[in-house]
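Subject: Structure handover

Hello,

Here is the structure I promised to pass on. Please open it first, then read my notes below.

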Amino acid sequence: MPSPQADSCDAIVVGSGPGGATVARELSRRGKRVLILERGHNKPIKGTTAQCVGYLLIPGKGLLFTNQLLALGRGIITGGSSIAAYATALDPPLEKFRSYGIDLAGELAEARKELPVAPLEDRLIGPLARRTMESARSLGYDWKKLDKIVYQDKCLPDCDKCTMGCPYGAKWDARMYVEEAVRSGAVLRASAKVNKVLLENRTAVGVEYTQKGKTHRVYAATIVVSAGGIGSPLILRKSGLPGAGHDFFFDPLIAVMGTVKDIKGGKEFPMATGLRLEEEGYLMTDLPWPGWIYRMFTAEVLRADRLFSHSHTLQIMIKLRDGLGGRLTDRGFVKKDLPKAEKKKFRDGYERAKKILKNAGAKHLVREKTGGQVVKNPFVYDI
Ligand SMILES: Cc1cc2nc3c(=O)[nH]c(=O)nc-3n(C[C@H](O)[C@H](O)[C@H](O)COP(=O)(O)OP(=O)(O)OC[C@H]3O[C@@H](n4cnc5c(N)ncnc54)[C@H](O)[C@@H]3O)c2cc1C
């Protein structure tokens with residue numbers, strides 16, 4: 001039976017990443033009473049390693065693994081993964097959406113009009129990214145600056161805080177929309193983990209969530225489950241939809257690195273430049289990770305000799321468009337094997353990256369071991 005809180009809100013939005021925050025803001029602007037339930041905290045973004053580890057890299061929470069031990073990172077925090085994201089803005093594939101009967105052209109135009117989408121000014125392109133771009137271009141690749149969603153007047157050169165969360169309000173993140181929603185009357189309940197959607201006669205009528213060890217039930221006419229590519233199917237499963245969480249993609253990636261002698265930097269906006277290889281099905285970009293992440297991955301592939309070369313290491317990311325497949329277990333364990341064709345894409349990308357790095361004067365190349373089997377150590381985005 002609906003609780004006394006039934007008429008306290010019109011809509012419940014589960015999760016406050018880009019998906020949930022956008023819906024919450026829109027509904028609040030239209031005068032709807034919105035309750036946002038967010039599993040993570042809502043403390044101010046500090047841009048520190050410690051805060052980032054807490055929301056992105058706690059195993060079983062932000063950090064999940066596939067059966068091939070690929071790591072998947074997702075932000076469990078108000079604003080979701082956008083807090084850690086690099087704000088690279090690639091247009092959605094409009095034709096593909098149209099084939100499902102969804103026309104996103106209007107929304108895309110609206111988003112582009114509202115958001116500060118543009119390539120970074122030259123002063124914000126770091127020396128490692130610039131060297132990578134120059135090298136690729138001299139080999140004939142159409143490698144260029146990528147569009148970013150950044151308030152560039154607030155963005156600092158020689159800064160590597162994007163991954164940890166931008167404390168300067170320069171990088172767009174979904175918290176900005178959550179805050180707007182709250183200013184329009186929405187209520188944000190942080191550290192509130194939704195367990196399941198409550199159904200009556202096969203209709204969603206509310207949700208059950210846990211906050212500070214107590215379980216609560218809230219009801220509304222509209223329930224929006226936007227807890228991310230892993231969070232949403234897990235909630236739907238517990239709500240009686242066992243088919244949720246099958247056949248997904250997760251854009252696996254690897255990084256290829258090489259050191260140059262004549263650059264000393266390392267603090268840059270990642271993914272500032274890149275190359276889209278549509279037919280080949282992958283994207284290549286610079287990826288100057290912060291030093292601590294660089295050292296973590298370098299240690300993992302047992303390259304102690306490269307551990308302290310971060311400031312002069314060029315890093316190229318190869319990010320695949322993987323096909324649909326796999327399934328989530330009830331505990332959020334991800335079962336998905338990369339088929340041979342996708343491993344081949346990684347090998348092609350690796351060969352290209354190697355040429356670009358060598359042409360840039362890089363030595364001591366490091367790559368993730370593919371071993372013809374498992375691609376080891378890539379960091380993988382949540383969907
Ligand atoms: C390091 C990194 C870099 C990235 N860079 C880019 C980039 O440059 N460009 C780009 O387009 N994309 C990038 N992405 C991907 C992008 O961030 C995601 O695609 C996007 O955030 C997905 O939005 P979402 O709202 O669907 O989910 P999410 O952002 O994952 O948000 C889901 C929210 O739901 C909450 N939640 C989960 N479970 C529950 C629950 N049970 N109850 C309540 N709340 C719950 C989570 O805490 C989270 O706040 C990056 C991702 C990462 C990790």
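Three elements each supply at least two residues of the shell around the ligand: α1 (18-29), β9 (192-200) and α7 (228-238). Please keep in mind that this is a predicted model. The ligand has 34 residues around it. Those that come nearest are Gly15, Gly17, Gly80, Gly228 and Gly231. By class, the shell holds 15 polar, 14 nonpolar and 5 charged residues.

Next, the domains. The chain is divided in two. Domain 1 covers 4-92 + 164-246, and domain 2 covers 127-161 + 248-381. Taken over C-alpha atoms, their centres are separated by 28 Å. The contact between them takes 31 residues from domain 1 and 31 residues from domain 2.

Look at the side of domain 1 that touches domain 2. Here β3 (63-65), β4 (71-73) and α7 each supply at least two residues. α7 gives the most, with 5 residues. So that you have the breakdown by class: this side divides into 18 nonpolar, 11 polar and 2 charged residues. 

Now the cores. The largest nonpolar core has 56 residues. Ala255, Val256, Met284, Leu314, Ile316, Ile318 and Leu357 touch the most other members. Several elements give two or more residues to this core: α2 (49-56), α5 (127-138), β14 (253-259), β16 (282-286), α8 (291-300), β17 (313-320) and α9 (340-359). Where does this core lie with respect to domain 1 and domain 2? Both domains give residues to this core, so it lies between them.

Met284 is a good residue to click on. Leaving out residues up to four places away in sequence, Met284 touches Gly274, Leu275, Ile316, Met317, Ile318, Gly349, Arg352 and Ala353. There is also a second, separate core of 38 residues. Val34, Ile36, Val178 and Leu188 are among its members.

One last residue: glycine 240. Glycine 240 lies in the loop between α7 and β13 (246-248). Is glycine 240 buried or exposed? Glycine 240 is exposed, because 11 other C-beta atoms lie within 10 Å, and a residue counts as exposed at 12 or fewer. Glycine 79 is 161 residues from glycine 240 along the chain. The C-alpha atoms of the two are separated by 27 Å.

Best wishes

How values were computed
Residues numbered from 1 in each chain as written. Predicted model: local features only at pLDDT ≥ 70, side-chain atom pairs only at ≥ 80, totals over all residues. Near = placed C-beta within 6 Å. Helix = DSSP H or I, 4+ residues; strand = E, 2+ residues; numbered from the N terminus. Nonpolar A, V, L, I, M, F, W, Y, C, P; charged D, E, K, R; others polar. Domains from an automatic or database assignment. Contact = placed C-beta atoms within 7 Å. Buried ≥ 20, exposed ≤ 12 C-beta atoms within 10 Å, placed from the backbone. Core = buried A, V, L, I, M, F, W, Y, C linked by C-beta atoms within 7 Å.
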